[in-house]
Structure formats: C-alpha cells, structure tokens
Amino acid sequence: MSLSLVIPEKNMRYPSEDINESTILTIVNNERKKVVPSSSTILNPLISVRNLNVFIQKNHILKNVNLDLPNKAITCIIGPSGCGKTTLLKTFNRLLENSSEIKITGEVLVDGENIHDRNIDVTHIRKKMGLLSQRPCPLPMSIYDNIAYGPKIHGIRNKRKLDVIVKKYLSAAGLWEEVKDRLNAPANRLSIGQQQRLCLARGLAVEPQVILGDEATSSLDPISSKTIEELFVHLKEDYSIALVTHTLRQAQRIADHIVFMYLGEVVESGPAAEVFNNPKEKLTREYLSGYFS
Amino acid sequence: MRRFEELFFKTLMILATFIILGSLMMILFAVLKRGLPAMNLDMITKIPSGGFYIGKEGGLLNAIAGSLFIVIGATVLGLLISIPIVIYINIYLPPKSFLANITRLSSDVLFGIPSIVYGAFGFTLMVYLGIRASLFGGILAVTLLITPILIRSMDEVAKLIPKDLKDAALSLGATRYEIIKVILKQISPGITTAILLSVGRAIGDAASVLFTAGYTDSIPTSLSQPAATLPLAIFFQLSSPIPEVQDRAYAAALILTVIVLVLSLTARYYSRKFSKNKI
C-alpha cells in the first residue's frame, strides 16, 4: 500500500483526481486543512452498519448494506428517490419498526452498541439520535414545552434546570433571540423555518450524539435552508450528523462524507472530496453528472 | 348550457339549505308557540304536583335533573371507555391492523343500532344483574348508546394525526405511553366535537331510558333510585288527552332545546379559548 501526500500546485482544486482508493488523502487548501481517511479506514466510526438487510412486506428495501459513518462530521446520504435513504436513516433510530411487516437482519452498531440487541431499551437508542424530519413537526404545545418535553420525559423536573436547557438549545438553534419574549406562545404559530429550528433545538435538548436529518431543508425557503445548513456545519463540532438529501448542491456545500445509494445498495461511500471529484463507480459518476436523479 | 348547469345545481343547493333551515325554524316555532305559554319559573324550579295523572301543577325539575345526571354520568363513563380504545387502536396497533379495523367496523354497526335496542339490552342486563329501573341503569344504557359515537368521532380525528408527529415524539426517546399526552392535545378539538355529538344524542333519547331509568316525580338522590328524563316527560305528557298537559310537553321540549344550545355554546367557547392558549 502506498501512502502519498499530495500537495501539487496545479492540482489545488481537484487534488484527488489521480489518487487510488486506499490512499490517505491530505487536502491543503487556503481556507482549510484536514485529513480525511478513505471509506475503508474510518477511525472510530460512530455508526457502523454490517450486512444490513431490510424487508418491508417482502420488498427487499436495503440490500446488504455495509457502512461506517465518521464521528463529528457531516455525512450526506444521496441517491435517487426510492433508493432506501430514508429507510436507512429510520433504521438507525429504530423508528422503522413502527411500520408493519418489517424484517431486519444484520447489525447496526452505534457507539459500539448493537441497536437491535434485545437487552437494549429502544428509548435509549432514540435518545442518542435527534431526528429532523422533512416537514417540521412541532408538538401541539408552547415553544417552551416543545423544548422541555424531551428533558421532562427523561426525568428532569426542576423548573430552573428546564429554563436553562430551553435557553441553551434555543440559542444553539439560533432561535432564542426571535422567541424569547413569547416562549409560551403555541409553537405552530412560528414560521416554517423557525419551526424547523425549533425541532432541531428540541432534538438537541435530549443531548443526542447523532443528528439524523431526513431532507431537513426540502420544505424550507432558501434563507431558512441556509440557516439550517450553517447550523449543521456549526454543530458538527459536537455531533455526528447524517443527512438524507435530494439536493446535490447541498451535499457539495456541507458534506464531509458521502454515501451514494442506488436501489437499496450502497454503491459508493467515501470522503466528500473524493466521491465528488473522483467517483470510483460509473453509477455514481452518472448520478453526479445528472444522467438520472 | 354550462351556465344553465351551474344555475341548476346552485338552485338545488340553495333549496336543500332552505329545507333544512326551514324545518328547524318550523320545529322551533311549534315548540315556542305551544311551549312558551306553559313556560314559567315553576317549570324549571319545582317537581310536578297534583292533578291529571302526571300533573299540571309544579314543574319538571325532576326530569331536568334526571336528564342532566344521566347525560353527565354517561358521558364521563363513555369517555373512560372510548379514549383508551381510540388511543390503543391509533397508537399501539400498526396502521393497517386487523383488530383496529374490526373495532372501527363494530362501532359503526353499534352506531346504527336503534336506541330502543340499547334500552332492551340494558333492561335484560339489569334483570340478569338484579338491578331495578334506576339512575344507574339509565346511565349504563345511555353509555352503551353514546360510546360508539365517541369512539368514531374521536377516531376520525386521531386517524389524521400525522405520522411525523408520533415519530417526532418517539424520536425524542418517549415511550408510547408518554406520547399519549401529545396525542390527546392534538385531538382535543375532536374530543370536544365527540362530547357535543354524544351529549346531543344522549339528552334527547327517550327509548334507551324508557325501561332502564324508569320515571318518577322526585329527584333521584342515589344511583339506585329511578330517574325521570326530559324526553320521557315529553312523551308521557304529549300522550295525555288534556291540552294543558300537552302544552307542558312543549315546554319540556323547549327546556331540552335550550339545554342543548347552552351546552353547545359553552363547549364551543371553551374549546376555542383552550385551543387559542394551549395549541
């Protein structure tokens, strides 16, 4: 195995063009410097998927998925509609099991724990992962209670502690300044973009390790989407983020790691720069160049 | 031609609206015309006394109190039965569950059963249990009558709860028991409608209480005493040959209408106020 450190002047923008797959790649840029290990050698993956198969009513939705998602980074799961992106995401926090006729085989390890282990409480798994759905879905209560709901069910009753939590996470989602005077107003009076940030804050309030986003910006206006994207980039310092997205541009803007899926299989996964600039698979190349979507 | 179509169907719709409004007006007019002269303070503050078999003196407080007791008791009991059912078939059972669909089908069937059947069934049950015609018997029969209405009207709202909302609460690590609070808040307008519908049906129904609650001139002081009800007061007084007593039947109908109206308006006011503040 060769280990090459590539910092050629002429290849500043597309440094990965002539690098083979098992290379550890160092991109040196004017703004950023980071070391991205390639797909097969992710160090300390937070989520590891091994031979995962999911059947919904005899349809084979996910086919033998093997994946490692890096810790404290944004992973974007891309692929055409119906390729199983959302199913994969919902397998992570075991929400899938609420639908009927589901069969799951294989392993999903989160932080070393097999989430389908019989001895593990499902709420323990879900608490580790905040889910941001496609359309914001505030609970039918006040802004304050939306944030406090999670901590309350996990046992925090102290009003002063709850106040601190509410302020902390509304601020983290960039919403505190906008709503601090009307915390007791119903949450569904907020604008759609604000609601999505509220949902993000609500998810963060249970102190997860992972944020799962299911096309979290697709129903938002461009400005709100941008706010959410910026929040993701900011939040990846403390959380691992897995996003399903339909917009390639969004993936290009914020992803550190890319998973490309097609018809239930993972076709390619790897560091964003590598996948975007030098896709190994023909399918990936075709998808990225807009042959199909 | 298209303009003619438009005009034709529009006329039909207006006509239908007027038929409904017209019949309501005519009923109100008849009730007011014969009921108002017989109306006085005694009617709602005193129990019947003296003369003509069911009395032309005194008032109908026995029937008013009996009806209210039965309706309140049956609604509370009905909610205690129907809310758990609605929660169970909508949260715990999977979306296309056989059991949930059977439950829906049976409450649809129960919904359509005439109230006299509930009365007869309740009566049979009471005979078997050794209970005599009483307030308790009436409450039981009326509960049987309104539970399907409660289930179906709450279920219709509960079915519309977006899956995202359940998922949102679950993904915060809530158990299914813990999301019940969220679900109840979400369907609270449906609960109000359900209560209104069932109170309307319960307070106006004569057949289900005919055998089960009995009839009496006094206000029941315990669950085991018989209770008079407004619909039966109307029924008995209307079958009297004496015009004064018949007029009192119309007065009873007027009281019944006013009670339903007041209940509806209060419920609407509170549900609106509630939804403004909380949801």
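Which residue just after H4(A) takes a positive phi? It is A:Gly174, with a phi of about 70°. The model is predicted. Two places are covered here: helix H4 of chain A, with its buried and exposed faces, and B:Ala251 in chain B.

**Helix H4 of chain A**
- H4(A) runs over residues 159-172 and has 14 residues.
- From first C-alpha to last, H4(A) reaches 20 Å, close to the 20 Å expected at 1.5 Å a residue.
- Just after the helix comes the positive phi of A:Gly174.

**Two faces of H4(A)**
- The buried residues of H4(A) are A:Ile165, A:Val166, A:Tyr169 and A:Leu170.
- These buried residues cover an arc of only 115° around the axis, so they sit on the same side of H4(A).
- The face turned away from that buried side carries A:Arg160, A:Lys161 and A:Val164, which are exposed.
- The cover over the buried residues includes three helices of chain A: H3 (143-153), H5 (176-179) and H6 (192-204).

**B:Ala251 in chain B**
- B:Ala251 lies in helix H12 of chain B, which spans residues 243-278.
- B:Ala251 counts as buried because it has 25 C-beta neighbours inside 10 Å, and the cut-off is 20 or more.
- Leaving aside residues up to four places away in sequence, B:Ala251 touches B:Gly35, B:Ala38, B:Met39 and B:Met43.
- B:Leu60 is 191 residues from B:Ala251 along the chain, yet their C-alpha atoms are separated by 9.3 Å.

Terms used:
Residues numbered from 1 in each chain as written. Chains lettered and ligands numbered in written order. Predicted model: local features only at pLDDT ≥ 70, side-chain atom pairs only at ≥ 80, totals over all residues. Helix = DSSP H or I, 4+ residues; strand = E, 2+ residues; numbered from the N terminus. Expected span 1.5 Å × (residues − 1). Buried ≥ 20, exposed ≤ 12 C-beta atoms within 10 Å, placed from the backbone. Arc of directions from axis to C-beta. Contact = placed C-beta atoms within 7 Å.
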